[in-house]
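Colleague: I am new to this structure and would be grateful for a close look at a single part of the surface, followed by an account of how other parts are placed.

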Amino acid sequence: MTTATIAPPTEAASSRRWWALVTVGLAQLMVVLDATVVNIALPSAQADLGFSDGNRQWVITAYSLAFASLLLLGGRISDLIGRKRTFIVALVGFALASALGGAAQNFGSLVGARALQGVFGALLAPTALAVLTTTFTIPRERSRAFGVFGAVAAAGGAIGLLLGGVLTETLSWRWTLYINAFIAVIAVVGALVFIETHVRTGPRPKLDVPGTLLVSGALFTLVYGFSNAETDGWSSVWTWGMLVVSAVLFTGFVLWQRRASHPLLPLGIILQRNRGAAYLSVLIAATGMFGVFLFVTYYLQGTLGYSPIKTGLAFLPMVVGLAIAAQLSTNIWVPRFGPKIVVPIGLTLGGLAMVALTRLGVHSTYASDLLGPLVVLGLAMGTTMPAAMQTATLGVERHFAGVASAMVNTSQQVGGSIGTALLNTLAATAATNYLASHGPVTPGSAAEAAVHSYATAYAWGAGFFFAGAVMAALLFRRRPATDTVADPAVAPAGEPVPVVAH
């Protein structure tokens, strides 16, 4: 270990970093919006390719299964073979998979392309965050960069709804997939020009193959179990069987990581108190956030009769609130108050917004009843997600930045899967019970049952947010952690920092 001093950045170097942020932001946007951009296009794709309602869910599930199960492997690969190289390969692969999906002529090829998207997305998402973590090493710049990146990560779902509506209505459902190729071309050029290449020196660590198989299997069965619960219910043997297998595999993974010479995920990364609290905060925020996108979309289109484009536009005030809060959170609030104060406040705001959404009725209007809660929810997400993501990657040694970043994406993906499955099941049960207790089914009672089911989902979502706020308040340290780490990202500019050869 040697000591080096960080010199003040030149104007050219600073400019390159911000262009690198644009590049990384494009990649993150592409991955996040792809989780929702296809949703609005599904009816058109179904009519074109002729697949059944029962098979329709696999267009979404194929992506989420591949993406979630391979995230930690993707993050570790970026640590081992280099982030710039991994980033470019992942971009090209994601673009090709998207083009294959857009050109699909049958259901099987579409699902296969979506699964391939998930594979390259699992390589791209953690690499993008790792590039950001290792590029912005000056605290003030790091805060601004994470504010932008966190806003993109949190708002990508809403942007996907808007983009999906515009492309489907004006062009074709196929363009919800083709659009990725154009974004990827720009991002690849940006990566070649603006992302630095770091040459690894010294012995190269080996890939933890047993750990990779254990955790990939655990994540696959976990997401599959929750996806199955969404379609077949919680009484399904497959649902509980997959969840039990997942628990066994996770246990085996933890035990193996304690003895592996080259662990895939050193347990110290997640056991560091602030970092562990940040991962849990991302998971809980994603649990509620994905539910909001789902049920508010149902409400806007099914109850208020909005078109896909109008539905996407309805989310824009939330995105604006999110972007503003993200910058305030990372640049002002977190440096001044720390995540122990900021993250619980954000989660509490999310819970209050969800409570307000429970008041929506069949005859509610967007301006008077929905706009306010959506703006508050945007402020909540902008306060919570960037602060948690910044804390989750703070202080990680450079050669573990990829896998630590992958844990952020894993938390977000697992939270989304849990939220979607649980809230969908609870909403469906609430609708059934409502119709059973309100006499013969009529169009009016069906509409009331739907709104009642959404309110049930919002109420449970509020419970998740409030529980998360209490958890965050208890787990986060009052002051930033003082762990000694070999990472320039945690040292103020101008101070000597240890540099590890890797």
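Which residues form a nonpolar patch on the surface, and how much accessible area do they have together?

Modeller: This is a predicted model, in which local features need pLDDT of at least 70 and side-chain atom pairs count only at pLDDT 80 or more, while totals for chains, interfaces and linings use all residues. Residues are numbered from 1 along each chain as its sequence is written, and side-chain values use heavy atoms, with hydrogens and water left out.

The patch consists of Val185, Val189, Leu192 and Val193, which together have about 350 Å² of accessible area. Such areas come from the Shrake-Rupley method with a 1.4 Å probe, and for residues only the protein chains shown count as cover. A patch takes residues with over 30% relative accessible area and no salt bridge; nonpolar side chains (Val, Leu, Ile, Met, Phe, Trp, Tyr) are joined within 5 Å and like charges within 9 Å.

One member, Val189, belongs to helix α7, residues 175–194. Helices (H or I, at least four residues) and strands (E, at least two) are DSSP runs numbered from the N terminus. Val189 counts as partly exposed because its relative accessibility is 48%; buried means under 20% relative accessible area, exposed over 50%, and partly exposed in between, with a 1.4 Å probe and protein chains only.

The loop that lies between α6 and α7 holds Arg174. The structure has 1 salt bridge, and in it Asp48 pairs with Arg174, the closest N and O atoms being 3.3 Å apart. The term requires a side-chain nitrogen of Lys or Arg within 4 Å of a carboxyl oxygen of Asp or Glu. Asp48 lies in helix α2 (residues 37–49) and Arg174 in the loop mentioned, so the pair ties together parts that are 126 residues apart in sequence. The two partners are covered to unlike degrees: Asp48 is partly exposed at 45% relative accessibility, whereas Arg174 is buried at 14%.

Buried positions also occur in helix α9 (residues 237–257), which includes Phe253. Phe253 counts as buried because its relative accessibility is 5%. The C-alpha atoms of Phe253 and Pro263 are 9.8 Å apart, with their positions 10 residues apart in sequence. Leu243 is likewise placed in α9 and is buried, at 14%; its C-alpha is 8.7 Å from that of Ala218, 25 residues away in sequence.

Further along the chain, helix α13 (residues 316–337) packs with helix α15 (residues 366–393) at an angle of about 35°, their axes being 7 Å apart. Of the residues in this contact, 16 are nonpolar, 7 are polar and none is charged. Axes are lines fitted to C-alpha atoms, for helices over the stretch in contact, and angles run from 0 to 180 degrees between N-to-C directions. Ala, Val, Leu, Ile, Met, Phe, Trp, Tyr, Cys and Pro count as nonpolar, Asp, Glu, Lys and Arg as charged, and the others, Gly among them, as polar.

Glu397 is found in the loop between α15 and α16. Glu397 is partly exposed, at 30% relative accessibility, and its C-alpha is 9.5 Å from that of Ile269, 128 residues away along the chain. Helix α16 includes Ala421, which is buried at 0% relative accessibility.
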